Amino acid sequence: MSMFCRQCEQTFRWKGCETMGVCGKDPEVAALQDVLIHACKGFAACGQSVRQAGVAMPENDYLLMEGVFATLTNVNFDPDALEALIRKVVAERRQLQSVSADRMSGDMPAATQWVPAEDRQGLLDQGAALGLLCDGDLDKDRRSLRELLLYGLKGMAAYAHHAYRLGEQDPAVSDFLYKGMAALADLSLDMETLLGLVMECGAANLVCLEMLDRGHTARFGHPEPTQVKLGYLKGPAIVVSGHDLHDLEQLLVQTEGKGINIFTHGEMLPGNAYPGLKKYTHLAGHYGTAWQNQQREFVDLPGAILMTTNCIQEPDMTYQDRIFTTGAVGWPNIAHIPEGEKGAKDFTPVIEKALSLGGFSEDNIEKEITIGFGHHTILSHAEQIVAAVKAGQIRHFFLIGGCDGARPGRNYYTKMAESIPDDCLILTLACGKNRINRLDYPTVAGFPKLLDCGQCNDAYSAIVVAKALSEAFECGINDLPLTLNISWYEQKAVAVLLTLLNLGVKNIKLGPSLPAFLSENVLKVLVEQFNIQPTGTVEDDLQQVLGASV
Ligand code: SF4
Ligand code: SF4
């Protein structure tokens, strides 16, 4: 049995995972994910017809988000869960077809008539004919654009899923999720149409990021500068990883008064800065670093672990009995916390496990860092920032943001942060910041040199700040003294990249390597239109931005 996947940055030899995913995805899971994407295309095409008639169907929107999200890198490795999702998506498609047959009489793609095999082996056989390369004689440029669109949709589906759980939905986001997935069911689309859809995906994702920001801030308040302890404290502990702040909130409520410390991990770090979350005094700090270090960091952890979204790695034998998944995340034979009515979850098994383990025997705080510089906080100092730029006290802004990863080459970002002169500010977001947020920084014009904007979805904060600065300086974003130095790993980063391109942002430095799914011609288009550049050496890249005065 073989597979083909190249959706993430760590794909095998920068070409594609063909026998086993570097991430741990095996051919069975790969085939089921290919089938699930195919099922979602048919479901989306039917759903699009219904939506065009003005019928709202929020539960179907959520199912489509769930189905697409489950195929993101490092999210769901559980064949049973994937098969269940395939059958649910097809059942809902058939339901739509039965109640809205009159709206689907036109030219519907073949995926809307697809029938899943009755057993697992049959599904796997179907998967072999539905993979990325099973697209007939499609040329590599159109295949590349189709992948760019699909991965942007996957990232957006994940963000939309987080927002939905916070009670936020936006028709523009759901509309495009249906439209984009339905478009992928049509192999005849030409380059121009596909390029248009890719840009549209970026626009829809901006609405999605804004919606998620609204979901977070309406529920938990605006992030505020907050000192966070890195390490652990004595006593029973639960470490929460992923991005889902709604899960974190529910866990905090359910552990109140139980003597358990809750520590964030990976992309949960920004949770410590929200007033509505940090009011829980047992939200005790941040444990560990980014997702790719979890196996090493969880081995000796005497507490329970909750993985709320991406990015899970194969749980080592030593902690399989104390790690739990929830939401879209899944791993075979790992306990999963299901979602109940209105998104409610019962974390009792996680809590009982934490109490039974006893926890840390002593305190160990490595250091404290300051986080919580979302757009609200930064823009409350806009006048001061603008004055400091005009006075030459702030020479340049660097955004060092994006995903972390296991491959060598990412120390570029650490070296970049260390080398940026002390009259520049560094904005950071997403888990890549774990490489730079433990460094010591001076203040610049009264501001901490490193301003942590939050999770990867908080790229929205960086966009709001950049727009506000461009208004203040009466220039375009590309004319600001701002350099975007973005590290990518998985498909959320693709969605954010498409959003930046849709906003017309140019000169992005993308690393640590360019996506394997970009064909030469598609890359050429991106370079010609947006001057996307691969990262070079720190010295050269700094010199290019700051000139000889580095
Ligand atoms: S998600 Fe990445 S590592 Fe996993 S199989 Fe696909 S390309 Fe390979
Ligand atoms: S920023 Fe990307 S790589 Fe990092 S945890 Fe989030 S989704 Fe995963």
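This briefing walks through the domains, the ligand surroundings, some helix packing and two backbone oddities of the structure above. Keep in mind that the model is predicted. The domain assignment splits the protein into domain 1 (12–218), domain 2 (226–366) and domain 3 (374–549). Ligand 2 has a shell that takes at least three residues from each of domain 2 and domain 3, and helices H1, H2, H5 and H6 give us three packed pairs to look at.

**Domains 2 and 3**

- Domain 2 and domain 3 have C-alpha centres 29 Å apart.
- Where these two domains touch, 9 residues of domain 2 are in contact with 11 residues of domain 3.
- On the domain 2 side of that contact you'll find 3 nonpolar, 5 polar and 1 charged residues.

**Around the ligands**

- Ligand 2 has 14 residues around it, and the closest are Cys311, Cys403, Ala430, Cys431 and Cys456.
- Sorted by class, the shell of ligand 2 comes out as 8 nonpolar, 2 polar and 4 charged residues.
- Both domain 2 (226–366) and domain 3 (374–549) supply at least three residues to the shell of ligand 2.
- Ligand 1 sits among Cys5, Arg6, Gln7, Cys8, Gln10, Thr11, Cys17, Gly21, Val22, Cys23, Lys25 and Thr73.
- The ligand 1 shell breaks down into 5 nonpolar, 5 polar and 2 charged residues.

**H6 and its two partners**

- Helix H1 (residues 27–52) meets helix H6 (residues 171–183) with axes that come within 7 Å and cross at roughly 130°.
- With angles over 145 degrees counted as roughly antiparallel and 65 to 115 as roughly perpendicular, H1 and H6 are therefore oblique to each other.
- The crossing of H1 over H6 is left-handed.
- From H1, the contact uses Cys40, Lys41, Ala44, Ala45, Gly47, Gln48 and Arg51, while H6 brings Asp175, Tyr178, Lys179, Met181 and Ala182.
- That H1–H6 contact mixes 6 nonpolar, 2 polar and 4 charged residues.
- Helix H5 (residues 140–165) also packs on H6, with axes that come within 10 Å and cross at roughly 150°.
- An angle over 145 degrees counts as roughly antiparallel, so that's the label for H5 and H6.
- H5 goes past H6 in a left-handed crossing as well.
- Here H5 offers Leu149, Leu153, Met156, Ala157 and Ala160, and H6 answers with Val173, Leu177, Gly180 and Met181.
- No charged residues turn up in the H5–H6 contact, which has 8 nonpolar residues and 1 polar one.
- Met181 of H6 appears in the contact with H1 and again in the contact with H5.

**H2 against H5**

- Helix H2 (residues 58–69) packs on H5 at an angle of about 130°, and the two axes are 8 Å apart.
- That angle makes H2 oblique to H5.
- H2 and H5 cross in a left-handed way.
- The H2 side of the contact is Tyr62, Met65, Glu66, Val68 and Phe69, and the H5 side is Leu153, Lys154, Ala157, Ala158, Ala160, His161 and Tyr164.
- By class, you get 9 nonpolar, 1 polar and 2 charged residues in the H2–H5 contact.
- Leu153, Ala157 and Ala160 of H5 are listed in the contact with H2 and also in the one with H6.

**Backbone oddities**

- As background, most residues other than glycine have a negative phi, and most peptide bonds are trans.
- Tryptophan 14 has a positive phi, near 55°, despite being a residue other than glycine.
- You'll find tryptophan 14 in the segment before H1.
- Glycine 511 and proline 512 are joined by a cis peptide bond, with omega near 0°.
- Proline 512 belongs to the loop between strand E15 (509–511) and helix H17 (520–530).

Notes: Residues numbered from 1 in each chain as written. Chains lettered and ligands numbered in written order. Predicted model: local features only at pLDDT ≥ 70, side-chain atom pairs only at ≥ 80, totals over all residues. Axes fitted to C-alpha atoms, helices over the stretch in contact; angles between N-to-C directions. Helix = DSSP H or I, 4+ residues; strand = E, 2+ residues; numbered from the N terminus. Parallel < 35°, antiparallel > 145°, perpendicular 65-115°, else oblique. Left-handed = near helix turned anticlockwise from the far one by under 90°. Contact = placed C-beta atoms within 7 Å. Nonpolar A, V, L, I, M, F, W, Y, C, P; charged D, E, K, R; others polar. Near = placed C-beta within 6 Å. Domains from an automatic or database assignment.
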